[in-house]
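Q: Take one part of this model and give me a close look at how its charged side chains pair up. Then carry on from there to whatever it connects with.

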Amino acid sequence: MRQVVTAVRVLRALPRARRALPHAGGALPRPRAALPRTGRRTGRVLAGAGTAALLALLPACSGSSGRPGPPGEVASTPAATGWDRTPSSVAAVGDSITRGFDACSVLADCPAVSWSTGTEKDVDSLARRLLGGKDVEDHAWNLAKSGARVEALPEQMKAAAAHDPDLVTVLIGANDACRSSVDAMTPVKEYREDVEKALDVLREQAPGARVYFSSIPDLKRLWELGRTSDLGKEVWKLGICPSMLSDPDALDKAATERRDKVEQRVTEYNKAVREICAKDKLCRDDGGAANATRFTAGQLSRWDWFHPSREGQATLARIAYERISAKR
């Protein structure tokens, strides 16, 4: 049955022109794709010259065995029926956190230490824990983009679906709150709509894929730690999360209210994701665990005191693995 689904996806994809992944900030109009339908087809077989009727239930497609139905039946598109605690492939979408930015060297991506799909043993990424070290390179794909905001998520999800992954991890939204000012932050309504668009894309193109959403870390906590580092504050001047980190030593009312507004927006983004995910039986979020984590200095990049270090990436990997592998 997996081969049938693959063939259906190929046929659907033929009329479409592939578009390249956007750079950070690319947008995609919302596709209104119907969710796949599952069920059993019921047929009636008449016998006995009209004197008796035999009612038989003819399964069109078994969700557990994957065997096709009887001749003449049209197989329905299969969809997974529950959470898979042992996926065999992982695709990651999101922003610089998932790209391992500033974890290995200054102002550079380092996907080898990504919490989701990294290959480094000391991080022990989600993919390593699920797939084993030898299979990560062949069965894990990091499609996140540093600087990406939520409007880029549908295109990233499209790229992820092309790999037909068992699991897609998502961590997005820090850049939507980290703008030049609080007024420039992405409205919650738009954030919600783009997350919904992304799930629509995935459900259309890879209906059986599971999805895991990590919550956005507490940006105010990162400010509290980083403001103690002169080097960190100098790097912040390059434009890292100005809505939260500009004038880091200012403690006046205006500065405090500005940071509180950024913190509140992150809370609202995380709440929107939880509500969206709760409506999808193949979706789990981390229950706010990443946001609630009180990151320490050692868990932050020694260059920018904002992005996770190797240790911070390992922390996100552990949270994700515990959530994904949990019985629920």
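A: **A salt-bridge network, and onward to the sheet**

Let's start with three residues: Glu 120, Asp 122 and Arg 310 are joined in a network of salt bridges. Bear in mind that this is a predicted model. The general idea is a familiar one: side chains of opposite charge can pair when their charged atoms come close. In the pair formed by Asp 122 and Arg 310, the closest N and O atoms are 3.1 Å apart. Asp 122 sits in the loop between S3 and H2, while Arg 310 belongs to helix H12 (residues 310–325), so this salt bridge ties together parts that are 188 residues apart in sequence. How covered are the two partners? Asp 122 is partly exposed, at a relative accessible area of 49%, and Arg 310 is partly exposed too, at 31%.

That's one part of the charged story, as the structure holds 20 salt bridges. Another spot to look at is Glu 275, which meets Arg 192 in a salt bridge at 2.5 Å, N to O. Here again distant parts of the chain are linked, with Arg 192 in helix H6 and Glu 275 in helix H10, 83 residues apart. Glu 275 also has a salt bridge with Lys 271, at 2.5 Å from N to O. This one stays inside helix H10: Lys 271 and Glu 275 are four residues apart, about one turn of the helix. Going through the accessibilities, Arg 192 is partly exposed at 24%, Glu 275 is partly exposed at 31%, and Lys 271 is partly exposed at 43%.

Now for the aromatic rings. How many aromatic pairs does the structure hold? There are two. A pair like this is described by the distance of the ring centres and the angle of the planes. For Trp 115 and Tyr 212, the centres are 6.3 Å apart and the planes stand at 65 degrees, so the pair is edge-to-face. Trp 115 comes from the loop between strand S3 (90–94) and helix H2 (126–131), and Tyr 212 from strand S6 (residues 210–213), which puts the two partners 97 residues apart. Trp 115 counts as buried, at 0% relative accessibility, and Tyr 212 counts as buried at 0% as well.

The other pair is Tyr 191 with Tyr 269: ring centres 4.2 Å apart, planes at 15 degrees, so this one is stacked. Tyr 191 is in helix H6 (residues 188–205) and Tyr 269 in helix H10 (residues 253–278), so parts that are 78 residues apart in sequence get tied together. So H6 and H10 are linked by the stacked tyrosines, and also by the salt bridge of Arg 192 with Glu 275. The tyrosines are both covered: Tyr 191 is buried, with a relative accessible area of 1%, and Tyr 269 is buried at 0%.

Back to Tyr 212, as its strand leads into the sheet. The sheet is an open one of five strands, in the order S4-S3-S5-S6-S7, with parallel pairing. Which strands stand at the edges? Strand S4 (140–142) and strand S7 (283–285) do; each has a single partner strand, so one side of each is left without a neighbour in the sheet. From one strand to the next, the twist averages 15 degrees.

S6 pairs with strand S5 (residues 167–171) in the parallel sense over four bridges, and Leu 167 stands opposite Arg 210 of S6. With S7, S6 runs parallel and shares three bridges. Tyr 212 has Arg 284 as its bridge partner in S7, and Phe 213 stands opposite Asp 285. In a regular strand, side chains alternate between the two faces of the sheet. In S6, Arg 210 and Tyr 212 point one way and Val 211 and Phe 213 the other, with all of them buried.

For contrast, finish on the surface. Val 106, Leu 107 and Leu 238 make up a nonpolar patch there, with about 300 Å² of accessible area together. Leu 238 lies in the loop between helix H8 (230–236) and helix H9 (242–245), and with a relative accessible area of 63% this residue is exposed.

Key:
Residues numbered from 1 in each chain as written. Predicted model: local features only at pLDDT ≥ 70, side-chain atom pairs only at ≥ 80, totals over all residues. Heavy atoms only, no water. Patch = residues over 30% accessible without salt bridge, like charges linked within 9 Å, V, L, I, M, F, W, Y side chains within 5 Å. Areas by Shrake-Rupley, 256 points an atom, 1.4 Å probe, with all protein chains shown as cover. Salt bridge = Lys/Arg side-chain N within 4 Å of Asp/Glu carboxyl O. Helix = DSSP H or I, 4+ residues; strand = E, 2+ residues; numbered from the N terminus. Buried < 20%, exposed > 50% of the residue type's maximum accessible area, 1.4 Å probe, protein only. Phe/Tyr/Trp six-rings, centres within 6.5 Å; stacked < 30°, edge-to-face > 60°. Pairing = 2+ DSSP bridges. Axes fitted to C-alpha atoms, helices over the stretch in contact; angles between N-to-C directions.
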